[in-house]
Amino acid sequence: MSHSITPSPLLLFIPPCLLSSPAASSLSLPSLVTMDPFKGQGGIQMLLTAEQEAQHIVSNARNLRTQRLKQAKEEAEREAGQYRSHMEDEYQKSISETTGSSGSNVKRLEEETEAKIKNLKKSTSMVTTEVVDMLLKYVTNIKT
C-alpha cells in the first residue's frame with residue numbers, strides 16, 4: 001500500500017483593506033490566493049540565486065573600487081615625486097645662480113675697493129707735500 005502525498009495548495013489571505021488601496025485597485029486579485037508549494041521552493045531558489053548574484057556584483061564593485069583607489073594613490077605619489085624633483089631642481093638652480101652672482105659680486109667689490117685705494121693713495125700723495133708745508137708753517141711760526 002503505497003500512498004502518494006500530493007501537497008495541498010496553500011491559501012494566502014489578503015485583507016480587503018489592502019485590496020482597496022490605489023495600487024491594488026489596478027490588480028484584480030481575489031481575497032484568497034492559492035500558492036503551489038513547489039513554486040514557493042522554486043521562488044526561494046530564485047531568491048538565493050539572486051542573492052548570490054548580488055553578492056558577486058557587490059564584491060566586484062568593491063574590488064574595482066579598491067583597484068581604482070590604489071591606482072589613484074600610485075598616480076598621486078608619482079605626481080608628487082615629479083613635483084618634488086622639479087622644485088628641488090628649481091631650488092638648486094636658484095642657489096647656483098645666487099652663489100655664482102655672489103662670486104662675481106665679491107670679485108666686483110674687490111676691484112672697486114682696489115680702485116678706491118689707488119685713488120686715495122694718489123690724492124694723499126698729491127696733498128702730502130701741502131699738508132707737511134702747512135704743519136711746518138704752524139709749528140715754526142710763533143705767535144707773540
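Colleague: Why is Glu112 called partly exposed?

Modeller: This is a predicted model, and in it Glu112 has 36% relative accessibility. Buried means under 20% and exposed means over 50%, so Glu112, at 36%, counts as partly exposed.

Colleague: And what makes Arg108 partly exposed?

Modeller: Its value is 40%. That lies between the 20% and 50% cut-offs, so Arg108 gets the partly exposed label too.

Colleague: How do you know that Glu112 forms a salt bridge with Arg108?

Modeller: Check the gap: the closest N and O atoms of Glu112 and Arg108 are 3.1 Å apart. A salt bridge needs an Arg or Lys side-chain nitrogen within 4 Å of an Asp or Glu carboxyl oxygen, so this pair passes. Searching the whole structure turns up 1 salt bridge.

Colleague: Why are Glu112 and Arg108 separated by about one helical turn?

Modeller: Because they sit 4 residues apart in helix α3.

Colleague: What else lies in helix α3?

Modeller: Met134 does; the helix covers residues 37-140. Met134 also belongs to a nonpolar surface patch with Met126, Val127, Val131, Leu135 and Tyr138, and together they have about 600 Å² of accessible area.

Colleague: What makes Met134 fit for a patch, going by its 44% relative accessibility?

Modeller: Patch residues need over 30% relative accessible area, and Met134 has 44%, so it clears that bar. At 44% it still counts as partly exposed, because exposed would take over 50%.

Colleague: How much of the protein chain is buried?

Modeller: Just 1% of its 144 residues. The chain has 3 helices and 2 strands, in the order β-α-α-β-α along the sequence.

Technical notes. Residues numbered from 1 in each chain as written. Predicted model: local features only at pLDDT ≥ 70, side-chain atom pairs only at ≥ 80, totals over all residues. Heavy atoms only, no water. Patch = residues over 30% accessible without salt bridge, like charges linked within 9 Å, V, L, I, M, F, W, Y side chains within 5 Å. Areas by Shrake-Rupley, 256 points an atom, 1.4 Å probe, with all protein chains shown as cover. Buried < 20%, exposed > 50% of the residue type's maximum accessible area, 1.4 Å probe, protein only.
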